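Student: I am new to this structure and would like a close look at a single part of it. Could you take me slowly through the place where its domains meet, together with the spaces found around there?

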Amino acid sequence: MKLAGTGRGGIVKPTPDHLFTLHEAGAETRWAAMAGQGYHTPNDRFFVRDHTSSPVIDAATWRLRLHGPGLERSLSLTHDELLALPSRTIDAALECAGNGRALYATQQHERAPGAQWGLGAIGVARWRGVPLRDLLERAGLRPDAVDVLATGLDPVYVHEGRDLGHVRRPLPVAKAVDDVLVAYEMNDEPLPPDHGFPARLIVPGWVGIASIKWLGEIEVATTALSTPWNTIFYPDVTEMPVKSAFELDWNATLTAGRPYVLRGRSWSGHGRIVRVEVSVDGGATWRLAEHHGAHLAGAWLPWHVRWTPLREGPHLLLARATDETGATQPDRAERHPHGYHFDAVVRHPVLVSEGRR
Ligand SMILES: Nc1nc2c(c(=O)[nH]1)N[C@H]1C(S)=C(S)[C@@H](COP(=O)(O)O)O[C@H]1N2
Ligand SMILES: [Mo]
C-alpha cells in the first residue's frame, strides 16, 4: 500500500513558515532556522525536493531489487535483510543542483528558469546504511559494468504533458563503488518518508538528484545509460561547487551599537573548506572568519565573525570560502542554462536599525 504525502506541496512532514520557504518544487530550509543548531541539519528543517510527492511506503512489503547485465545474479532484499547487513555511517551534505538559483536573477540580473531557490536547498545529516559497493559485490559486480541506475518508487513525473516515468538517474560504476551509501537512517532516526523511507542513495559531493529517494530497483548496465535526469535535466552535473551562507534571514534586522556574532557555514563538493573570509561592508574590506564545531570533508564548515554594526541603514554581508582544491567563490557565477551551480559570493542584505538611546 502506497500513500502520497498530503501535507503542503505533497510533503508529509509539517513545513511551517518559520522553518521553510515553500516553492512548487519543494520546501527550502530557512537559514535563520539553522541559527543555534548543532552541526547537522535537524530532520524537521531539512529541505525537501520532490518531483511529485512523497510516497509513504510499507517496509513490510518493500523489496530492493538489484539486476541487470552488469551483475552475475539478481538480488532481492527485504527491509530486515538490508538492516541486518554491516552498516557504515557518514556525515554528508545533500544539496540541490539549483540551490541559489534565485541569485542569478536578484544578483546578476539574468533570471534562470526553474524553482527560485535561495540558499536553503542544502542540508547536512548523519546517514547510516549499507555501502552500495557491498550490495553490488553480493550480486557479483562484473568488470564490464558501466552504469548503475537507481529508480525511485515515487509517482511518475509528467513534464510538459509527457510521462517521463519514475525518477531515475545513472551513476558511473566508479562513483557507485567509491563512497555511495544505501541509507536507511538520517540523524539516528529511520529515514523520514520525505527523505526516502525505506532507503535512498546518498552520493557524497554530487548534485542532489544523484541521491535517489524511495529506492525500488537498481539496474547495472554494461553500456552508458541515459534517462531524462541526465539528458533533459541535470546533464553533465556531478560535484557541487563552493558556497557559503549566513544563518540569517534575508533582510534580517540588526540593532546599531549591539555586538553580534554572525554565524554561517561553507561547503564544497570537491573537499574540505580551508578558508572563509567575511565582509560586512559590501566587499570593501575582508577578514578571516573563525571556525567552530566539526570540520568534515563532504559536509560543511561552521564559522563566525564578531560585528558591532554602528551605521544605521542597509548593509551587505558577504562570505567567501576556498576549498582544499583551491576552488573558491567568484564575484560572478558563470551563466548556466538551467541555473545550476550558483557559486558566486552572495551579497546578503541586512537592515541595521536605530539602537536605544
Ligand atoms: N525518487 C526521487 N529521488 C529524488 C528526487 C525525487 O523527486 N524522487 N529528488 C532529487 C532531488 S532533485 C534532490 S535535490 C534530492 C533532495 O533530497 P531531500 O528531499 O531528501 O532533501 O533528492 C533527489 N532524489
Ligand atoms: Mo535537486
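Tutor: Please keep in mind from the start that this is a predicted model, and that the values below are computed from it. The domain assignment of the chain gives two parts to keep in view, domain 1, which covers residues 2-221, and domain 2, which covers residues 243-353. The C-alpha centres of domain 1 and domain 2 are 27 Å apart, and the contact between them draws on 32 residues from domain 1 and 35 residues from domain 2.

The area buried between domain 1 and domain 2 comes to about 2,800 Å², and carbon and sulfur atoms give 56% of that area. On the side of domain 1, three aromatic names are worth finding in the view, since Trp31, Tyr39 and Tyr104 supply 27% of the area that domain 1 buries against domain 2, more than any other three residues. Charged side chains also meet here, with a count of four salt bridges between domain 1 and domain 2. A salt bridge that you can look up by its residues joins the side chains of arginine 30 and aspartate 249, with 2.5 Å from N to O.

From the contact we can turn to the open spaces, beginning with the largest pocket, which has a volume of about 560 Å³. It is lined by 24 residues, and those closest to its centre are Ala25, Arg49, Gly114, Ala115 and Tyr157. By class, the lining of the largest pocket is made up of 12 nonpolar, eight polar and four charged residues. Because domain 1 and domain 2 both give residues to this lining, the largest pocket lies between them.

The second largest pocket holds about 420 Å³ of space. Its lining also has a stated count, 24 residues, of which Glu28, Trp31, Gly118, Leu119 and Trp250 lie nearest the centre. Trp31 therefore appears twice in this account, as one of the three residues that supply 27% of the area domain 1 buries and as one of those nearest the centre of the second largest pocket. Several elements each supply at least two residues of this lining, namely strand S2 (20-23), strand S3 (26-29), helix H2 (102-106), strand S18 (243-246) and strand S25 (313-323). The classes in the lining of the second largest pocket are 12 nonpolar, nine polar and three charged, and since both domains give residues to the lining, this pocket too lies between domain 1 and domain 2.

Enclosed spaces come next, and a search of the whole structure finds three cavities of 30 Å³ or more. The second largest cavity belongs to our part of the structure, because domain 1 and domain 2 both give residues to its lining and it therefore lies between them. About 90 Å³ of space lies in it, and among the residues that line it are Leu94, Glu95, Trp206, Trp267 and Gly298. Strand S8 (residues 88-95) gives the most to this lining, with three residues, while the lining by class has seven nonpolar, four polar and one charged residues.

For completeness, the largest cavity has a volume of about 240 Å³. Its lining has 19 residues, and Arg49, Arg200, Gly208, Ser211 and Lys213 are the closest to its centre. Arg49 was met before, among the residues closest to the centre of the largest pocket. The lining of the largest cavity divides into 10 nonpolar, four polar and five charged residues.

Key
Residues are numbered from 1 along each chain as its sequence is written. Chains are lettered from A and ligands numbered from 1 in the order in which they are written. This is a predicted model: local features need pLDDT of at least 70, side-chain atom pairs count only at pLDDT 80 or more; totals for chains, interfaces and linings use all residues. Side-chain values use heavy atoms; hydrogens and water are left out. On a 1 Å grid over the protein atoms alone, a cavity is a set of points where a 1.4 Å probe fits but cannot get out, and a pocket is an open set with protein on both sides within 12 Å along at least five of seven lines; lining residues have an atom within 4 Å of a point. Grid points are joined across faces, edges and corners, and a volume is the space filled by probe spheres set on the points. Ala, Val, Leu, Ile, Met, Phe, Trp, Tyr, Cys and Pro count as nonpolar, Asp, Glu, Lys and Arg as charged, and the others, Gly among them, as polar. Helices (H or I, at least four residues) and strands (E, at least two) are DSSP runs, numbered from the N terminus. Domain bounds come from an automatic or database domain assignment. Contact means heavy atoms within 4.5 Å. Buried area is the accessible area (1.4 Å probe) that two parts lose on being put together, summed over both.
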